[in-house]
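This report walks through a protein model, taking its overall make-up together with a few of its local features. Please keep the sequence and the structure at hand while reading.

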Amino acid sequence: MLARVWAITRQRIAERDALAPRLLALLACYAPDQLPVDVLHHLPEVEPVRVGKALALLASYSMITISNDRDAVSVHRLVQAVTLADLSGQQRRTVREEAASVLAAALPENPTVIGTWALYGRLLPHARTALAPESDAMNQVIDYLKASGAYATAMTVQHHRYRALLDRDGPHHLRTLVAQAELAYYTAMVGDVVGARDQFAALLPIRERVSGAEHPDTLAVRANLARWSGRRGMRPGRAINSPSWYRSVSGSRVLSIRTR
């Protein structure tokens, strides 16, 4: 009976506004609570007015909840689950790709600017749900976490990114090596200096094989290994001489420690 009611409701919604089921499917791909409505305004070739009308229709059928200021939308987890279950495997892949693309377009351009942090904070749970960990968009989110000092969360997200790149590209790809170095950095920044030292120690021989012993990226890893090997009991978030980022001639982003 419930399945039949659900099917009839979806059919009525689709007959009244073809955009509404598409939006509901997209919303099923994000975190359930408080997605900024502006995210949906990044749907290509869809006017914000149409988005507003479709959301109002979904709310009238209790499929979603719109905040009092009409700035955010929430969806019950059960509605999300049933919506995705009704799609074929290919349809789910397609809608998840679209959800990731729309969210990536909504991310502020410069995650290191303080003025963007409030929006990044609102988008963070949705990014962690919808974005592939190896994507460039997720790298932007990690940059925001680093800039805002959220090192523990940055380490967790970076770990997922490193594992995804390792599985996709293998241990010797430059993107994997950069992700491994960044994970070691965040490990140090949460106070696990021994863990960071061990990660840099594991990375160094791989960097030497891939890039050569005298390559700037290899030297940066060696410098980090030496620095973190000499530190014990550092409080979380306290760096020595504030590590800075630079781009080597290979174009990969690595850690460099400023000397005194």
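How many salt bridges does a search of the whole structure find? The search finds eight salt bridges, and three of the pairs are described below, after a short account of the whole chain. The model is a predicted one, and every value given here is computed from it.

## Overall make-up

The protein contains 12 helices together with five strands. Of its 260 residues, 46% are buried, and the accessible surface amounts to about 13200 Å², with carbon and sulfur atoms accounting for 53% of that area.

When contacts between residues at least 6 apart in sequence are considered, 63% of them join residues that are at least 24 apart.

## Salt bridges

Side chains of opposite charge can pair when their charged atoms come close. One such pair is formed by R10 and D86, whose closest N and O atoms are 3.1 Å apart. Because R10 belongs to helix α1 (residues 2–16) while D86 sits in the loop between α5 (77–85) and α6 (89–106), this salt bridge ties together parts that are 76 residues apart in sequence. R10 is partly exposed, at a relative accessible area of 24%, and D86 is likewise partly exposed, at 41% relative accessibility.

A second salt bridge brings together the side chains of D136 and R175, with an N to O distance of 3.7 Å. Here D136 lies in helix α8 (residues 136–147) and R175 in helix α10 (residues 174–189), so the pair links parts that are 39 residues apart in sequence. D136 is exposed, with a relative accessible area of 55%, whereas R175 is partly exposed at 30%. A further salt bridge joins the side chains of D169 and R168, at 3.0 Å from N to O; D169 is partly exposed with a relative accessible area of 25%, and R168 is partly exposed with a value of 46%.

## A buried threonine in α10

Is T176 buried or exposed? T176, which is found in helix α10, is buried, because its relative accessible area is 0% and the cut-off for a buried residue is under 20%. If residues up to four places away in sequence are left aside, T176 touches Y162, L165, L166, D169, G170 and P171. D169, one of these contacts of T176, is also the residue whose side chain meets that of R168 in a salt bridge.

## Packing of α11 and α12

Two packed helices are described by the angle between their axes and the distance between the axes. For helix α11 (residues 193–211) and helix α12 (residues 216–229), the angle is about 155° and the axes are 9 Å apart. The two helices are therefore roughly antiparallel to each other, since angles over 145 degrees count as such. Their crossing is left-handed.

Which residues meet where these helices pack? On the α11 side they are V193, R197, F200, A201, L203, L204, R207, E208 and S211, and on the α12 side they are D217, T218, V221, R222, N224, L225, W228 and S229. A226 also has its place in helix α12, and at 53% relative accessibility A226 counts as exposed. The C-alpha atoms of A226 and F200 are separated by 9.2 Å, although these residues are 26 residues apart along the chain; F200 is itself among the α11 residues that meet α12.

## Positive phi in two loops

Most residues other than glycine have a negative phi, and most peptide bonds are trans. Against that background, E45 can be picked out, since its phi is near 60°, a positive value in a residue other than glycine. E45 is placed in the loop between α3 (37–40) and α4 (48–60), and it is exposed, with a relative accessible area of 83%.

Where is S62 found? S62 is found in the loop between α4 and β2 (65–66), and its phi is near 60°, again a positive value in a residue other than glycine. S62 is exposed as well, with a relative accessible area of 61%.

Key:
Residues numbered from 1 in each chain as written. Predicted model: local features only at pLDDT ≥ 70, side-chain atom pairs only at ≥ 80, totals over all residues. Heavy atoms only, no water. Helix = DSSP H or I, 4+ residues; strand = E, 2+ residues; numbered from the N terminus. Buried < 20%, exposed > 50% of the residue type's maximum accessible area, 1.4 Å probe, protein only. Contact = heavy atoms within 4.5 Å. Areas by Shrake-Rupley, 256 points an atom, 1.4 Å probe, with all protein chains shown as cover. Salt bridge = Lys/Arg side-chain N within 4 Å of Asp/Glu carboxyl O. Axes fitted to C-alpha atoms, helices over the stretch in contact; angles between N-to-C directions. Parallel < 35°, antiparallel > 145°, perpendicular 65-115°, else oblique. Left-handed = near helix turned anticlockwise from the far one by under 90°.
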